[in-house]
Amino acid sequence: MSFITIESSKLSTQEAYKLICGAVVPRPVAWISTVNKKGLVNLAPFSSFNYVAHSPPMLAVNIGSRGGSLKDTASNIVQTKEFVVNVATVDNFEIMHQTSAEYPSNISEADALGLVLIPSSIVAPPRIKLSPIHMECRLEKVISLGKGLNTLYIGEVVAFHLDSDIFDGVYIDSVKMKPIARLGGPFYAELGKIHKMEVLQQPPA
Ligand SMILES: Cc1cc2nc3c(=O)[nH]c(=O)nc-3n(C[C@H](O)[C@H](O)[C@H](O)COP(=O)(O)O)c2cc1C
């Protein structure tokens, strides 16, 4: 192997974005629903996303700024302190991708694209019916990162909604769920071969 070494301090924002997005793959996609103060629903996907705690369960999503302003999702989370993460799958990823277009703040992607929404049980933002897992979140913490172009929003999951076709009451069947993952650039990936290994550590107490 021969390695090309690059010091991050010499990279432009664009170059750094391309490297980090190409290196950290595959990334799960959080298809986030929020509402603004008037109750208008906003939908958008985010793949700088993962779970960061299990007790209580917490998710973190990094939302970049757009032209120096907050994206609608970030603005709504800051205003209402609530959001819902809907899991993106092979069956919904084409319309999920459409919701990444830059709709004006006064237009709901759900209305524009005809997406069916279902009320949440605890938070105000609704759930996206096309998704098999919805996680209702309350904002826990906001962390501004680096040069201030990225902000991490950490939410506590206050309710899970799981489609009974993929959930047996204890475990989620990842194969049946068919999650879609984001790669670098315009690429997405499905699950490949599944490998089974003996679990070598104790589950959390
Ligand atoms: C699959 C996918 C993943 C994305 N991940 C992120 C992300 O992690 N952070 C981010 O700021 N934008 C991300 N985007 C771009 C946002 O979806 C896009 O800026 C969108 O217009 C934001 O919408 P909003 O203004 O309604 O919040 C992603 C787009 C796609 C298609």
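Here is a short conversation about a predicted model, its fold and its ligand shell.

Student: What should I know before reading the numbers?
Tutor: Residues are numbered from 1 along each chain as its sequence is written. Because this is a predicted model, local features need pLDDT of at least 70 and side-chain atom pairs count only at pLDDT 80 or more, while totals for chains, interfaces and linings use all residues.

Student: Why does the radius of gyration agree with a compact globule?
Tutor: The radius is taken over C-alpha atoms, and the globule rule is 2.2 Å times the number of residues to the power 0.38. For 205 residues that gives a value near 17 Å; the chain has 18 Å, so the two agree. The C-alpha trace spans about 55 × 50 × 35 Å along its principal axes.

Student: How are the helices and strands counted?
Tutor: They are DSSP runs numbered from the N terminus: helices are H or I with at least four residues, strands are E with at least two. On that basis the chain has five helices and twelve strands.

Student: What makes β2 "mostly covered"?
Tutor: A residue is buried if 20 or more other C-beta atoms, placed from the backbone, lie within 10 Å of its own; it is exposed with 12 or fewer, and partly exposed in between. In β2 (residues 30-35), six of six residues are buried, whereas buried residues make up 28% of the 205 in the chain.

Student: Which way do the residues of β2 point?
Tutor: In a regular strand the side chains alternate between the two faces of the sheet. Here Ala30, Ile32 and Thr34 point one way and Trp31, Ser33 and Val35 the other, and all are buried.

Student: How do you know which strands pair with β2?
Tutor: Two strands pair if DSSP finds at least two bridges between them. β2 and β3 have six bridges, in the antiparallel sense, with Trp31 partnered by Pro45. β2 and β6 (residues 82-87) have four, also antiparallel, and Ala30 stands opposite Val87. Both pairings therefore meet the cut-off of at least two.

Student: What makes a residue part of the shell around the ligand?
Tutor: Its C-beta atom, placed from the backbone, must lie within 6 Å of the molecule. In this model 17 residues surround the ligand, the closest being Ala44, Ser48, Asp72, Thr73 and Ser100. The elements giving two or more residues are β3 (41-46), β5 (57-64) and α2 (72-80), and β3 gives the most, with four.
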